[in-house]
Each structure stands twice: as structure tokens, then as C-alpha cells.
Amino acid sequence: MAAIHNVTSGGLWMGRLSRGDDLLGAISVICRERDIRLGRVEAIGAVERAVLGYYRQQKREYEFFTLDGPHEITSLAGNVSLRDGEPMVHAHVTLSDEKGNVRGGHLAPGTIVFACELVIEAFRGPAFNRGLDDETGLPLWEL
Ligand code: ZN
């Protein structure tokens, strides 16, 4: 059964990250510092290396892999919600190499920014808290 709530825009933030930032960590810090507790994130840019996750549905655990070397961020899409009362960013990325081949997955710590242009839209709405979902083993929204 779908669980969905109405949210309204609470404003937009736009900026860039610094070379050497941890991509996921830097977005998370921005959200905590600006008290963005609900919202969405998009970005483009480039990374020096990436660590991505893939969720093994049968094993119920993430496997992580590293993409060494420069890649373009062709797309980053994510959201902001609450886990243990703190803003948590969940993002997926698609990255391309020098041939235009793309790899993608769940953005993990260890992905290092070369350049990144970022838009965050804050939302007003009910609290979206993450908690362990028994059916998937994932920390999903308790709606
Ligand atoms: Zn994910």
C-alpha cells in the first residue's frame, strides 16, 4: 500500500561544494546547518573517485564498490528526511567515464568531489522518520 503525504516548498538553496569534499557528507552538513529536515537534492559535477552501494535484496545488505579515477556526475537525485531525529540525505548517482559509459548506485561516504553544483529544495510537511522496515531490511519512512 502506498503511503504519501502532501508537502509544500520551503524554499530553494543553490550553491557549490569544494574540491576534496566528501559528496554525501558535505550535503548532509549543509542540511544540518540549515535545519533542512525534509526536502530533495539534485546535483551535477564531477568526482575524483566514488564509492557506491548496491543493496542485495536476498542477503539484505549493501555491497559497496569503488570507482577509482575521475567521473562526471551526470545525475544526483536524493532526498532529505529524518533518522534518529537528525537530517539524513539519501542519494543515488549516475557517473560517466571518459567514454561516456555510466555506472550508478547508492551514494556512499568516500565519494570525493572535484566540482559540484547543487540545488536543495526544502519542504514543509509532516516529519518523515526512517525506521527499520521488516519486509525489506531497509531504513524506510514510517508513514
Ligand atoms: Zn539508496
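This report walks through the core, the zinc site, the strand pairing, the salt bridges and the cysteines of a predicted model.

## The nonpolar core

Let's start on the inside. The largest nonpolar core has 26 residues. Those with the most contacts inside this core are L17, L23, I27, L76 and L95. Several elements give two or more residues to it: helix 1 (23-33), strand 2 (39-56), strand 3 (61-83), strand 4 (86-96) and strand 6 (112-124). As general background, nonpolar side chains in soluble globular proteins tend to be buried together.

I27 is a handy residue to display if you want to look around this region. Leaving aside residues up to four places away in sequence, I27 touches L17, V41, L76, V89, L118 and I120. Two of these contacts, V41 and I120, come up again below as bridge partners, with I120 in strand 6.

## The zinc site

Which atoms coordinate the zinc ion? They are NE2 of H90, NE2 of H92 and ND1 of H106, at 2.0 to 2.1 Å. If you are setting up histidine states, note that H90 and H92 coordinate through NE2, whereas H106 does so through ND1. Along the chain, the donors follow the spacing H-x1-H-x13-H. H92 in strand 4 and H106 in strand 5 (residues 102-107) are 14 residues apart, and the pair links distant parts of the chain.

Is H106 buried or exposed? H106 has 17% relative accessibility, so it counts as buried. H92, at 42%, counts as partly exposed.

## Strand pairing around strand 2

Strand 2 is a good place to begin with the strands. Strand 2 pairs with strand 3 in the antiparallel sense, over 16 bridges. One position to look up in this pairing is A50, whose bridge partner in strand 3 is L67. The hairpin of these two strands has 4 residues between them, and R60 there takes a positive phi near 60 degrees.

Strand 2 also runs antiparallel to strand 6, to which 10 bridges join it. Here V41 has I120 in strand 6 as its bridge partner. Strand 2 and strand 5 run antiparallel as well, joined by 2 bridges. In strand 5, the residue opposite G53 is H106, which is also one of the zinc donors.

## Salt bridges

How many salt bridges does a search of the whole structure find? The search finds 8. One of them is between the side chains of E121 and R40, at 2.9 Å from N to O. Because E121 lies in strand 6 and R40 in strand 2, this pair ties together parts that are 81 residues apart in sequence. The two partners fall into separate accessibility classes: E121 counts as buried at 13% relative accessibility, while R40, at 41%, counts as partly exposed.

R49 forms a salt bridge with D68, and their closest N and O atoms are 3.7 Å apart. This pair links distant parts of the chain, with R49 in strand 2 and D68 in strand 3, 19 residues apart. R49 has a relative accessible area of 30% and is partly exposed, whereas D68, at 59%, is exposed.

The side chains of K59 and E61 also meet in a salt bridge, at 3.7 Å from N to O. K59 and E61 belong to a network, together with R56 and E63, that is joined by salt bridges sharing partners. Within that network, E61 is partly exposed, with a relative accessible area of 39%.

## Cysteines

What about disulfides? The structure holds 0 disulfides. C31 is in no disulfide, and its nearest cysteine sulfur, that of C116, is 12 Å away. With a relative accessible area of 0%, C31 is buried. C116 is likewise in no disulfide, with the sulfur of C31 as its nearest cysteine sulfur at 12 Å. At 2% relative accessibility, C116 counts as buried.

Key
Residues numbered from 1 in each chain as written. Predicted model: local features only at pLDDT ≥ 70, side-chain atom pairs only at ≥ 80, totals over all residues. Heavy atoms only, no water. Core = buried A, V, L, I, M, F, W, Y, C linked by side-chain atoms within 4.5 Å. Buried < 20%, exposed > 50% of the residue type's maximum accessible area, 1.4 Å probe, protein only. Contact = heavy atoms within 4.5 Å. Donors = N, O, S within 2.8 Å, 3.2 Å for Na, K, Ca; no water. Pairing = 2+ DSSP bridges. Salt bridge = Lys/Arg side-chain N within 4 Å of Asp/Glu carboxyl O. Disulfide = S-S within 2.5 Å.
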